[in-house]
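Trainee: Got a minute to go through this structure with me? I'd like to start with the charged pairs.
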Amino acid sequence: MDADVIVVGAGPAGMMLAGELRLAGVDVIVLERLEKRTGESRGLGFTARTMEVFDQRGLLSRFGEIEISNQGHFGGLPVDFAVLDGAHQAAKTVPQSQTETVLENWVEELGGDVRRRHELLSLKDTGDLVEVEVSGPDGVHQLTAGYVVGCDGGRSVVRKTMGFDFPGTPSTMEMFLADVKGLDLQPRMIGETLPGGMVMVGPLPGGITRLIVCERGTPPQRREAPPSYDEVAAAWKRLTGDDISHGEPVWVSSFGDATRQVTRYRQGRVFLAGDSAHIHLPAGGQGMNTSIQDAVNLGWKLAAVVRGRAPEELLDTYHDERHPVGERLLMNTRAQGLLFLSGPEVQPLRDVFTELITYLPVSRHLAGMVSGLEIHYPVAGGSHPLLGRRMPHLTLTGGSGAGSSTEALHAGRGVLLDLADNAELRRRAAGWTDRVDIVTAKPGGGVPDLPAETAAVLVRPDGYVAWAAPGSHSDLPMALDRWFGVSR
């Protein structure tokens with residue numbers, strides 16, 4: 001075979017997945033049809049959960065100084081995300097182009113093989129491997145791999161070629177997205193609803209202004225090229241009365257409110273992640289963030305199976321865990337679209353939501369949904385509040401290992417936090433130390449949901465808690481077997 005895994009698409013999902021695989025020593029080839037990164041930044045900023053993900057891999061510092069904020073929204077209605085307990089606030093102004101640069105540099109440092117100007121033409125799952133036909137600078141050629149993951153966007157060739165079912169609803173409107181120089185506009189960070197539609201304005205580094213323009217009643221168009229800036233300026237003037245035609249566009253694009261999700265994220269040896277698996281209105285900037293988290297969920301599982309450390313059945317948990325997350329993503333973005341983009345007929349609903357958001361449980365629920373901090377994966381039963389949930393930042397003291405639960409995850413391996421210096425616990429986990437790091441230390445502050453009597457926590461490589469003591473119904477070896485394969 002040419003590689004253990006071929007990843008199609010070098011966007012944030014594809015590069016995050018490639019990095020996760022390389023951390024585990026898996027041979028990976030990334031195929032990307034474009035010669036270079038576009039420089040476009042559809043995604044802007046990170047949710048609190050993605051900030052945690054990057055921190056857990058030691059990547060956050062590579063982004064330099066990040067502007068953070070607790071101010072968010074749900075459907076254009078302000079929500080204070082400070083109601084959430086977490087180590088990070090959301091990042092507001094990191095362009096997707098920077099994210100792609102950071103991730104690609106990381107993958108190359110890890111020895112990943114990124115092949116630009118290589119376009120996927122077809123693929124075939126033979127049952128034993130996947131055969132891929134590629135058009136590259138030297139012509140058409142064949143590659144083979146154990147697995148293929150389509151991270152090639154909303155128009156995914158992988159999805160279409162393999163016949164994944166992709167039900168949903170088509171776009172009902174067209175919206176414009178543009179980054180423009182030379183404008184001096186009042187910021188409208190969470191958007192402003194106007195009689196004819198909605199506009200959003202956000203300042204970006206380098207004197208660039210991000211514009212989003214939604215004019216109600218504009219039917220979706222099948223475009224072969226991006227819209228012109230003249231179209232954007234004309235729509236802006238109709239909605240606001242202001243003339244922005246003097247601006248200098250950096251890039252212009254359009255998008256719609258189509259909502260679709262594949263019925264299965266896995267088909268034999270072929271997987272889908274990110275926009276290949278789900279498309280939706282980009283409300284709250286959740287698309288890129290969910291795509292990155294898809295990749296982190298799949299990466300360690302695929303690596304464990306490729307390296308013979310876990311059974312094939314582990315791969316089915318990717319769909320089982322991430323498909324419900326995608327369903328909730330589509331649900332909340334559709335709800336936000338109704339609140340944000342509809343006309344005056346939904347104003348009573350906006351008024352009700354505005355009133356409800358003042359109640360702490362409601363604002364916490366909505367903030368958790370948009371931030372990704374609410375995600376709860378099914379695990380063996382138990383009463384510990386962190387079971388199935390992400391492991392927040394926990395300071396560790398008095399040990400010889402990592403200084404925090406976040407630092408302990410930098411290597412992309414499982415982590416067993418021994419918080420009671422329990423030699424018997426370490427002995428029982430000794431058969432998995434080739435894939436799970438045991439960190440003995442005392443717990444410091446940082447996790448409100450960590451009961452004082454917690455003696456140990458087993459954290460998966462993606463940062464989610466698989467077992468805790470006391471509070472898990474299964475014992476430690478059973479949990480280790482379930483998520484990391486049989487002991488050596």
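Trainee: Which side chain meets Arg328 in a salt bridge?
Mentor: Glu374 does, at 2.7 Å from N to O. Keep in mind that this is a predicted model. The two residues are 46 apart, with Arg328 in helix 7 (residues 316–341) and Glu374 in the loop between helix 9 (360–371) and strand 22 (396–397).

Trainee: Is Arg328 buried or exposed?
Mentor: Neither. Arg328 has 31% relative accessibility, so it counts as partly exposed. Glu374 is also partly exposed, because its relative accessible area is 23% and buried means under 20%.

Trainee: How many salt bridges are there in the whole structure?
Mentor: A search finds 26. One of them joins the side chains of Glu104 and Arg116, at 2.8 Å from N to O. That pair spans 12 residues, from helix 3 to strand 8 (residues 113–116).

Trainee: Are Glu104 and Arg116 buried or exposed?
Mentor: Both are buried.

Trainee: What about Asp418, which partner does its side chain meet?
Mentor: Arg426, in a salt bridge of 2.6 Å, N to O. Asp418 is buried, at 0% relative accessible area. Arg426 is partly exposed, at 26%.

Trainee: Which residues do shared salt-bridge partners join into one network?
Mentor: Lys301, Glu321, Arg460 and Asp462.

Trainee: Switching to sheets. What is the strand order in the open three-stranded one?
Mentor: The order is 3-7-4, with antiparallel pairing. Strand 3 (44–46) and strand 4 (68–69) are the edges. Each has a single partner strand, so one side of each lacks a neighbour in the sheet.

Trainee: How many bridges join strand 4 to strand 7?
Mentor: Two. Strand 7 covers residues 90–95, and its Ala90 stands opposite Ser69.

Trainee: Which helix lies across strand 3 and strand 7?
Mentor: Helix 3 (residues 96–109), running at about 85° to strand 7. Glu104, from the buried pair, sits in helix 3.

Trainee: Next, His141. Where is it?
Mentor: In strand 11 (residues 139–150). His141 is partly exposed, with 25% relative accessible area. Leaving out residues up to four places away in sequence, His141 touches His118, Val132, Glu133, Val134 and Gly136.

Trainee: How far is its C-alpha from that of Leu120?
Mentor: 10 Å, for residues 21 apart along the chain.

Trainee: Last one. Which residues form a nonpolar surface patch with Val352?
Mentor: Leu356 and Tyr359. The three have about 270 Å² of accessible area together. Val352 lies in helix 8 (residues 347–357) and is partly exposed, at 43% relative accessibility.

Definitions and conventions:
Residues are numbered from 1 along each chain as its sequence is written. This is a predicted model: local features need pLDDT of at least 70, side-chain atom pairs count only at pLDDT 80 or more; totals for chains, interfaces and linings use all residues. Side-chain values use heavy atoms; hydrogens and water are left out. Patches are made of residues with over 30% relative accessible area and no salt bridge: like charges are joined within 9 Å, nonpolar side chains (Val, Leu, Ile, Met, Phe, Trp, Tyr) within 5 Å. Accessible areas come from the Shrake-Rupley method with a 1.4 Å probe; for residues, only the protein chains shown count as cover. A salt bridge is a side-chain nitrogen of Lys or Arg within 4 Å of a carboxyl oxygen of Asp or Glu. Helices (H or I, at least four residues) and strands (E, at least two) are DSSP runs, numbered from the N terminus. Buried means under 20% relative accessible area, exposed over 50%, partly exposed in between (1.4 Å probe, protein chains only). Two strands pair if DSSP finds at least two bridges between them. Contact means heavy atoms within 4.5 Å. Axes are lines fitted to C-alpha atoms, for helices over the stretch in contact, and angles run from 0 to 180 degrees between N-to-C directions.
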